[in-house]
Amino acid sequence: MKEIIYLNTEIMNSLIAQLDKGVTLHYSLEQTTQESNTETSQTTRGKVAGFNGTFQTDTSSLLSSINLSFGANISRNGNEITGGSRTLLEGQKDLLNKAFHDYALDILLQLLEDNQKLKTSSSPLAEGDICLWETEWKYYDFEFLGRIVDFDNVLEALGVYVTDDEYKQAETTLKKQRKQPKNPEYLKAQQIIAQYQSQSAPRNILKQVQVFCAYANKFLGNYSIIKAANTFHLIEKEMLREVPTALSLRSESTRKAKILFRVIGERETVFDEKNLNFEVLQDFTRIGNMMFDIIFVALQILKDGDYIATPIAIYYE
């Protein structure tokens with residue numbers, strides 16, 4: 001049984017179509033477990049009644065005559081209409097699609113093995129290789145990281161946050177109360193200054209991380225990153241089966257996941273502050289790679305010799 005974390009259905013369907021001479025994208029079921037039933041019924045009935053009569057007299061003779069005639073009619077009419085409809089719910093349609101895609105992953109894995117297109121070892125890889133590794137992994141979502149590393153908010157929530165204004169006011173108090181070191185105001189000012197200074201180092205580090213996260217999130221857009229062994233993966237958030245917060249917690253686990261991916265390149269040598277060459281800025285085709293390296297090398301996610309990969313599926317089994 002697979003516990004799928006990520007599935008890129010577009011790449012999966014493309015590979016199946018190439019290996020199996022086509023792929024089924026849609027299907028229908030005759031029996032459903034969720035449905036909406038609507039029935040309508042309309043009945044009309046009517047009755048029409050009529051009465052007529054005539055009265056005649058004859059006085060031409062000594063004996064008069066009277067002629068009476070009567071008539072009546074009754075008619076009935078009616079009409080009855082019934083109808084019904086049944087609708088498959090959108091939630092169930094999505095469930096059926098997921099069930100189909102999950103099974104298609106098994107088909108793809110079998111096709112790759114049958115056609116000897118699947119690499120399972122960590123031997124030197126080439127661009128275009130399709131691999132299946134079972135390894136530990138780390139998930140990085142910079143939108144999430146940028147929110148959670150706000151150190152000032154954490155300190156404020158713990159009730160130990162010292163603002164810049166409080167720090168400056170404490171310094172002023174020390175200067176004024178210098179000759180009275182046992183004064184309560186002097187002692188409190190000392191405590192505030194010590195607390196502020198102890199927070200400065202982690203605050204500065206996390207503020208730098210915030211700057212990197214904001215920049216990374218800006219150019220990554222709707223992508224996040226997974227680092228597994230010496231592979232660097234760009235994944236589309238829309239194809240994740242779990243929210244970024246849950247995945248960040250999962251990546252702390254030592255449980256190994258299976259990652260099916262395609263190699264799209266190798267970073268033999270990455271740009272960093274030591275080998276930064278500003279002549280590269282004159283080549284617009286390389287600026288993106290340089291800035292990409294600088295950010296992720298600084299965050300210790302990318303290093304020399306890493307492979308850049310496009311993940312197809314990430315799952316536990």
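**Helix 6 and its partners**

Tyr186 lies in helix 6, and this residue offers a starting point for a walk through the structure, which is a predicted model. The protein chain contains eight helices and 10 strands. Of its 317 residues, 31% are buried. Among contacts between residues at least 6 apart in sequence, 75% join residues at least 24 apart.

Consider first the surroundings of Tyr186. Its relative accessible area is 13%, and because buried means under 20%, Tyr186 counts as buried. When neighbours within four places in sequence are left aside, Tyr186 is in contact with Leu174, Gln177, Arg178, Gln180 and Pro181. The C-alpha atoms of Tyr186 and Glu171 are separated by 9.6 Å, the two residues being 15 residues apart along the chain.

One of these contacts, Leu174, leads to helix 5. Two packed helices are described by the angle between their axes and the distance between the axes. Helix 5 spans residues 164-176 and helix 6 spans residues 184-220; their axes come within 9 Å and cross at roughly 135 degrees. Angles over 145 degrees would count as roughly antiparallel and those of 65 to 115 as roughly perpendicular; helix 5 and helix 6 are therefore oblique to each other. Their crossing is left-handed. On the side of helix 5, the contact involves Asp164, Glu166, Tyr167, Ala170, Glu171, Thr173 and Leu174. These residues meet Glu185, Tyr186, Ala189, Gln190, Ile192, Ile193, Tyr196 and Gln197 of helix 6. By character, the residues of this contact divide into eight nonpolar, three polar and four charged.

Helix 6 also meets helix 8, which comprises residues 284-298. Here the axes come within 11 Å and cross at roughly 140 degrees, so helix 6 and helix 8 are likewise oblique to each other. The crossing of helix 6 with helix 8 is left-handed. Helix 6 contributes Phe212, Tyr215, Ala216, Phe219 and Leu220 to the contact, while helix 8 contributes Met291, Phe292, Ile295, Phe296 and Ala298. The residues of this contact comprise 10 nonpolar, no polar and no charged.

The cysteines remain to be considered. A disulfide is a covalent bond between the sulfur atoms of two cysteines. The structure holds zero disulfides. Cys131 is buried, with a relative accessible area of 0%. Cys213 is also buried, with a relative accessible area of 2%.

Definitions and conventions: Residues are numbered from 1 along each chain as its sequence is written. This is a predicted model: local features need pLDDT of at least 70, side-chain atom pairs count only at pLDDT 80 or more; totals for chains, interfaces and linings use all residues. Side-chain values use heavy atoms; hydrogens and water are left out. Axes are lines fitted to C-alpha atoms, for helices over the stretch in contact, and angles run from 0 to 180 degrees between N-to-C directions. Helices (H or I, at least four residues) and strands (E, at least two) are DSSP runs, numbered from the N terminus. Angles under 35 degrees count as roughly parallel, over 145 as roughly antiparallel, 65 to 115 as roughly perpendicular and the rest as oblique. A crossing is left-handed if the near helix is turned anticlockwise from the far one by less than a right angle, and right-handed if clockwise. Contact means heavy atoms within 4.5 Å. Ala, Val, Leu, Ile, Met, Phe, Trp, Tyr, Cys and Pro count as nonpolar, Asp, Glu, Lys and Arg as charged, and the others, Gly among them, as polar. A disulfide is a pair of cysteine sulfur atoms within 2.5 Å. Buried means under 20% relative accessible area, exposed over 50%, partly exposed in between (1.4 Å probe, protein chains only).
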